[in-house]
Structures are given as structure tokens and as C-alpha cells.
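Student: Hey, could you zoom in on one part of this model for me and walk through the charged side chains there? After that, feel free to work outwards from that spot.

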Amino acid sequence: MASTFFTWLRTPAARDYFFSTHFWGPVANWGLPLAALADLKKDEEMISGTMTTALACYSMVFMRFAWRVQPRNYLLFACHATNATAQSLNDARFVKYWYMGGREKKLEEEAAKAAEEGKVTEAVKAAVEAKKSDA
């Protein structure tokens, strides 16, 4: 399999493919799914529901285009399939955060953590004062 690929790489057809928009268009387009994958680790506050939905729909439309164009552009299809998946996951995170109680839960957790940190700070101050009074 690998030898067949390397043999093909030396042919004029390979050069024609690698110097065409059929190859470079999808390569340049990979910035969208890479950004969407990076956004999966970001805070839900930063997600734009409108833009995420638009990008997911855009990629779904162009997945069909990549499949229907002749010859089929599998690289473009993979790019848009990845982007549609990542954008859909970000959309689900957005909906869960803003409309299904995710924001309130996060705020409660942050408040509890801040209260716990405040108790620890008070305990440390009390221990320091006790140590000073012992001396």
C-alpha cells in the first residue's frame, strides 16, 4: 500500500493534484476546524451561539458539495465533517450553559469555592494570631 502511494507521488498526476485548488483549497480551509477544536477547551461564556450555528450549517452544506463534485474531494469532505462535528459540540455546550442551567451551576460552584477559600484564609489568620499570642 505504502509503496503504491510513493510510486503515485512520482507521477505527473500527483504533481497536478498537489498544485491544484482541489488540494490547496481544503488545506487552507483546515483553519476553521482547528479553531473549532481549540474552542472546545474554552469557557462557554466565549462561545457565540449564532456564529457557531452558522459555521456548523456552512460545513454541512459544503460536506455535500465535496461529496457531489467530480472527482470527489475527500480532503474537503473530511475538513468540513470535522468542522461540523466540532461546531455542533460547541453549540451543544452553548445551549447547555445558557439554557439548561449550566451557567447557574458554574456560578454556584465558584461561590462555594470562594467561600471555602475564605474559610481557609480565616483559619490561617486565626492560627497566625494564636501563634503570636503564644510567643
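Tutor: Let's start with arginine 93, which is buried at a relative accessible area of 18%. Keep in mind that this is a predicted model. The arginine 93 side chain has a partner in glutamate 44: the two form a salt bridge, and their closest N and O atoms are 3.7 Å apart. Glutamate 44 sits in the loop between α4 and α5 while arginine 93 belongs to helix α6, so this pair ties together parts that are 49 residues apart in sequence. On the loop side, glutamate 44 has a relative accessibility of 22% and counts as partly exposed. That puts the two partners on either side of the cut-off, because buried means under 20% relative accessible area.

Now look at aspartate 91, which is also in helix α6, a run covering residues 74–99. With 16% relative accessibility, aspartate 91 counts as buried. What about a salt bridge for this acid? Aspartate 91 has none: the nearest side chain of opposite charge is arginine 93, and that is 10 Å away. A salt bridge needs the nitrogen within 4 Å of a carboxyl oxygen, so a gap of 10 Å rules this pair out.

So what does aspartate 91 touch, once its neighbours within four places in sequence are set aside? The answer is Gly49, Thr52 and Thr53. Helix α5 spans residues 49–68, so if you have the viewer open, that's the stretch to bring up next to helix α6. The backbone gives you another handle here: the C-alpha atoms of aspartate 91 and serine 48 are 8.5 Å apart, although 43 residues separate the two along the chain.

Back to the loop between α4 and α5, since another charged pair starts there. Aspartate 43 and lysine 106 meet through their side chains in a salt bridge, at 2.5 Å from N to O. With aspartate 43 in that loop and lysine 106 in helix α7 (residues 102–134), the pair ties together parts 63 residues apart in sequence. Both ends are partly exposed: aspartate 43 comes out at 31% relative accessibility, and lysine 106 at 25%.

A further salt bridge links lysine 42 to aspartate 39, with the closest N and O atoms 3.4 Å apart. Lysine 42 is partly exposed at 45% relative accessibility, as is aspartate 39 at 28%. For the overall tally, the structure holds four salt bridges, among them the glutamate 44 to arginine 93 pair we began with.

What joins α5 to α6? Proline 71 is in the loop between them, and the peptide bond leading into it from glutamine 70 is cis, with omega near -5°. If you're used to scanning omega values, that should catch your eye, as most peptide bonds are trans.

Moving on to the rings, a search of the whole structure turns up six aromatic pairs. One of them is tyrosine 58 with phenylalanine 62, a tilted pair with centres 5.0 Å apart and 50° between the planes. Both residues are in helix α5, four residues apart, or about one turn of the helix. Tyrosine 58 is partly exposed at a relative accessible area of 31%, and phenylalanine 62 has a value of 31% as well. Another pair is phenylalanine 94 with tyrosine 99: the ring centres are 6.2 Å apart and the planes meet at 70°, so this one is edge-to-face. Here the two rings differ in accessibility: phenylalanine 94 counts as buried at 16%, whereas tyrosine 99 counts as exposed at 63%. Going back to helix α5 for a moment, Tyr58 and Phe62 join Phe65 in one aromatic cluster.

Last stop is a nonpolar surface patch of about 360 Å², made by Phe5, Phe6, Trp8 and Leu9. Phenylalanine 6, one of its members, is found in helix α1 (residues 2–9) and counts as partly exposed at 45% relative accessibility.

Terms used. Residues numbered from 1 in each chain as written. Predicted model: local features only at pLDDT ≥ 70, side-chain atom pairs only at ≥ 80, totals over all residues. Heavy atoms only, no water. Helix = DSSP H or I, 4+ residues; strand = E, 2+ residues; numbered from the N terminus. Buried < 20%, exposed > 50% of the residue type's maximum accessible area, 1.4 Å probe, protein only. Lys, Arg positive; Asp, Glu negative; His and termini not counted. Contact = heavy atoms within 4.5 Å. Phe/Tyr/Trp six-rings, centres within 6.5 Å; stacked < 30°, edge-to-face > 60°. Patch = residues over 30% accessible without salt bridge, like charges linked within 9 Å, V, L, I, M, F, W, Y side chains within 5 Å. Areas by Shrake-Rupley, 256 points an atom, 1.4 Å probe, with all protein chains shown as cover.
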